[in-house]
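Me: I would like to learn how to read a structure feature by feature. Please take me through one.

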Amino acid sequence: MINNLAEHQKFEWIDLTDPTTEELSGIAEKYNLHPALVSDCLQPDHLPKYERMKDYAFIIFRIHTNNNVAEADTIQELTHKIAFFYSANFLITVHRRSHELLNPITELVKTQKCESSLELLNLLISACLNTYTDPLNKLAKSVDYYEEIVFLRPKKAPLLKGLYYLKRKIDLLKRMLILSFDIIDALDAEEGNVNTRDTRDLYVKHQSMLDSLAENIHQLLAIYFSASSQKTNEIMRVLTIFSVFFMPLTFIVGIYGMNFEFMPELRWKMGYPGVMSLMVVVTVGIYFWFKRKGWL
């Protein structure tokens with residue numbers, strides 16, 4: 001569907017929602033858009049990019065979705081794509097589904113409060129960046145939650161699985177913003193103003209949050225594996241202590257369980273209590289030896 005949202009302005013804003021091949025071909029022919037770039041804007045999993053042509057610039061930006069599935073960890077599950085063809089005279093936006101972030105900007109354009117296509121592009125990119133704000137805050141709360149589990153409640157069950165999906169989301173969103181840097185840098189170039197600086201500041205804020213979250217989640221994973229290893233070592237230490245106690249006792253029992261005919265101890269009246277006493281002495285001796293070494 002094609003909408004001309006800035007008919008009475010100094011520039012044109014053509015918005016294409018889930019366009020057909022004929023509609024997109026017509027727009028491409030009218031505004032002399034490169035076929036390869038038109039093909040790029042139709043790919044649903046295309047990563048963010050900025051490409052400068054002779055008469056216009058081509059931008060692909062990915063916005064965060066409202067997908068609340070805990071195990072969502074792919075580009076298409078976490079983000080949607082919006083493509084921009086930008087010049088001083090027009091701005092063409094291409095996307096497969098309607099997005100609420102466009103509504104307030106559309107109202108601004110209709111009331112003629114947007115003076116140029118650059119200002120409009122800045123508003124759209126800023127709105128796209130703002131879709132990451134709430135998800136980043138939720139990710140920060142999730143990191144705090146898992147940090148509490150790691151340090152205070154180590155026996156909580158689905159810890160490692162939750163940390164895995166949290167790490168995947170943080171790494172993916174971080175990659176999306178890193179790939180979007182060229183877009184922000186081009187937007188806030190020589191023609192930049194206060195508004196484009198605000199957009200850059202918002203980008204830097206999100207990038208800093210993601211860097212901090214990524215570092216925290218990597219530290220949590222390292223602490224989790226370290227704590228698991230320490231717990232395993234503690235269990236092995238206890239089992240080793242038990243085995244040391246029972247090794248000499250098993251040795252003594254093994255000797256007197258051989259049942260050879262000429263074993264004088266088997267006929268002694270005090271043989272059984274003597275062996276039991278020997279086993280007690282050995283056990284007590286091992287106990288005090290361990291105490292002296294500080295192993296108990």
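The turns below go through helices, loops and cysteines.

Me: What kind of model is this, and how are residues numbered?

Reply: This is a predicted model, where local features need pLDDT of at least 70, side-chain atom pairs count only at pLDDT 80 or more, and totals for chains, interfaces and linings use all residues. Residues are numbered from 1 along each chain as its sequence is written, and side-chain values use heavy atoms, with hydrogens and water left out.

Me: Let us start with one helix. Which residues of α4 are buried?

Reply: First the terms. Helices (H or I, at least four residues) and strands (E, at least two) are DSSP runs, numbered from the N terminus. Buried means under 20% relative accessible area, exposed means over 50%, and partly exposed lies in between (1.4 Å probe, protein chains only). Helix α4 spans residues 102-110, and its L102, I105, T106 and V109 are buried.

Me: Why do they lie on the same side of α4?

Reply: An α-helix has 3.6 residues a turn, so residues three or four places apart point the same way. Here the buried residues of α4 cover an arc of only 105 degrees around the axis, which puts them on the same side. The arc is taken from the directions from the helix axis to the C-beta atoms.

Me: What do the buried residues of α4 pack against?

Reply: Contact means heavy atoms within 4.5 Å. The buried residues of α4 pack against β2 (12-17), β6 (90-95) and α5 (117-130). After α4 comes Q112, with a positive phi near 60 degrees.

Me: How do I describe the packing of two helices?

Reply: Two packed helices are described by the angle between their axes and the distance between the axes. Axes are lines fitted to C-alpha atoms, for helices over the stretch in contact, and angles run from 0 to 180 degrees between N-to-C directions. Take α4 and α5: their axes come within 10 Å and cross at roughly 160 degrees. That makes α4 roughly antiparallel to α5. The cut-offs are under 35 degrees for roughly parallel, over 145 for roughly antiparallel, 65 to 115 for roughly perpendicular, and oblique for the rest.

Me: Which residues meet between α4 and α5?

Reply: L102, I105, L108 and V109 in α4 meet L120, L123, L124 and A127 in α5. Their crossing is right-handed. A crossing is left-handed if the near helix is turned anticlockwise from the far one by less than a right angle, and right-handed if clockwise.

Me: Now α9 and α10. At what angle do their axes cross?

Reply: Helix α9 (residues 194-255) and helix α10 (residues 271-293) cross at roughly 155 degrees, with axes that come within 10 Å. The two are therefore roughly antiparallel to each other. This crossing is right-handed. On the α9 side, the residues in contact include I241, V244, F245 and P248. Among their counterparts in α10 are V275, L278, M279 and V282.

Me: Is the crossing of α7 and α9 left-handed or right-handed?

Reply: Left-handed. The axes of α7 (residues 159-179) and α9 come within 9 Å and cross at roughly 150 degrees. These helices are therefore roughly antiparallel to each other.

Me: On to loops. Which residue between β2 and α1 should I look at?

Reply: Look at D18, in the loop between β2 and α1 (21-31). Its phi is near 45 degrees, a positive value in a residue other than glycine. D18 is partly exposed, at 45% relative accessible area. N32, in the loop between α1 and α2, has a positive phi of about 60 degrees and is not a glycine either. N32 is exposed, at 59%.

Me: Is S87 buried or exposed?

Reply: S87 counts as buried, at 5% relative accessibility. It sits in the loop between β5 (79-86) and β6. Leaving out residues up to four places away in sequence, S87 touches D55, Y56 and S117.

Me: Finally, how many disulfides are there?

Reply: A disulfide is a covalent bond between the sulfur atoms of two cysteines. The test is a pair of cysteine sulfur atoms within 2.5 Å. The count here is 0. C41 is in no disulfide, and the nearest cysteine sulfur, that of C128, is 15 Å away. C41 is buried, at 3% relative accessible area, and C128 is buried, at 0%.
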